[in-house]
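Reader: I would like a close look at one part of this protein, namely the pockets and the strands beside them. Please take me through that part slowly, with the residues named as you go.

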Amino acid sequence: MPKALWKTLGLFAHPEYLMHMQSVNESLDLTIGVIENLDLDLGVGELYLQVQVIPKAPFHILLGCPFHCLISATTEDFPDGKQLLTLRDPNTGKWYKLPTRIWTDNCPRCKKLG
């Protein structure tokens, strides 16, 4: 999570749990701290995430390998660009299927270009 969003939310981040995060461009950033047990509802009930806060990021929350492994995430990709996510609640074992939207559907600038 980027620092600006973290400040807006007013959540506590434990500064003693720092780590170096490597970006796709291979740059390294030291995190500011971790928000413990941030509850997030993706439509499958509340999930509690351990979220690292970093100085800057082009996303709000990046769900990476630990998240995908914890909830046994799988994706089905379709020719029109949509995906179907299948998630497993680690507490109940229940499976959920969530359709995604094409990100450009919510981008006014992208609609003007198309």
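Author: What follows goes from the chain as a whole to the pockets, then to the hairpins, and ends on one leucine.

The model is a predicted one, and every value below is to be read with that in mind. The protein chain has 3 helices and 7 strands, and from the N terminus on these elements run α-β-β-β-β-α-β-β-β-α. Of the 114 residues in the protein chain, 23% are buried. If one takes the contacts between residues at least 6 apart in sequence, 25% of them join residues at least 24 apart.

The largest pocket has a volume of about 700 Å³. Its lining is made up of 24 residues, and those closest to the centre of the pocket are Met21, Gln52, Leu62, Leu63 and Gly64. Three elements, β1 (20-22), β4 (46-53) and α2 (65-70), each supply at least two residues of this lining, and β4 gives the most, with 5 residues. Sorted by class, the lining of the largest pocket holds 17 nonpolar, 5 polar and 2 charged residues. With regard to domains, at least three lining residues come from each of domain 1 (1-57) and domain 2 (63-113).

The second largest pocket encloses about 430 Å³ of space. It is lined by 15 residues, of which Leu40, Leu42, Ile61, Leu63 and Leu85 are the closest to its centre. Leu63 is thus named among the residues closest to the centre of the largest pocket and among those closest to the centre of the second largest pocket. The elements that give two or more residues to the lining of the second largest pocket are α2, β6 (83-88) and β7 (95-99), and α2 is also one of the elements that supply at least two residues to the lining of the largest pocket. By class, the lining of the second largest pocket consists of 12 nonpolar and 3 polar residues, with no charged residues.

Two of these elements, β6 and β7, lead on to the strand pairing. Strand β5 (residues 74-77) pairs with β6 in the antiparallel sense over 4 bridges, and within this pairing aspartate 77 has glutamine 83 of β6 as its bridge partner. The two strands form a hairpin with 5 residues between them, and glycine 81, which lies in the turn, has a positive phi of about 95°. On the other hand, β6 also pairs with β7, again in the antiparallel sense, here over 5 bridges. In this second hairpin 6 residues lie between β6 and β7, and glycine 93 in the turn has a positive phi of about 80°.

Leucine 84 is a residue of strand β6, and its bridge partner in β7 is proline 99. Is this leucine buried or exposed? Leucine 84 counts as buried because its relative accessibility is 19%, and the cut-off for a buried residue is under 20%. Leaving aside residues up to four places away in sequence, leucine 84 touches Thr74, Thr75, Glu76, Phe78, Lys97, Leu98 and Pro99. Among these, Thr74, Thr75 and Glu76 fall within the residue range of β5, while Lys97, Leu98 and Pro99 fall within that of β7. As for arginine 101, which is 17 residues from leucine 84 along the chain, the C-alpha atoms of the two are separated by 9.4 Å.

Key. Residues are numbered from 1 along each chain as its sequence is written. This is a predicted model: local features need pLDDT of at least 70, side-chain atom pairs count only at pLDDT 80 or more; totals for chains, interfaces and linings use all residues. Side-chain values use heavy atoms; hydrogens and water are left out. On a 1 Å grid over the protein atoms alone, a cavity is a set of points where a 1.4 Å probe fits but cannot get out, and a pocket is an open set with protein on both sides within 12 Å along at least five of seven lines; lining residues have an atom within 4 Å of a point. Grid points are joined across faces, edges and corners, and a volume is the space filled by probe spheres set on the points. Ala, Val, Leu, Ile, Met, Phe, Trp, Tyr, Cys and Pro count as nonpolar, Asp, Glu, Lys and Arg as charged, and the others, Gly among them, as polar. Domain bounds come from an automatic or database domain assignment. Two strands pair if DSSP finds at least two bridges between them. Buried means under 20% relative accessible area, exposed over 50%, partly exposed in between (1.4 Å probe, protein chains only). Contact means heavy atoms within 4.5 Å.
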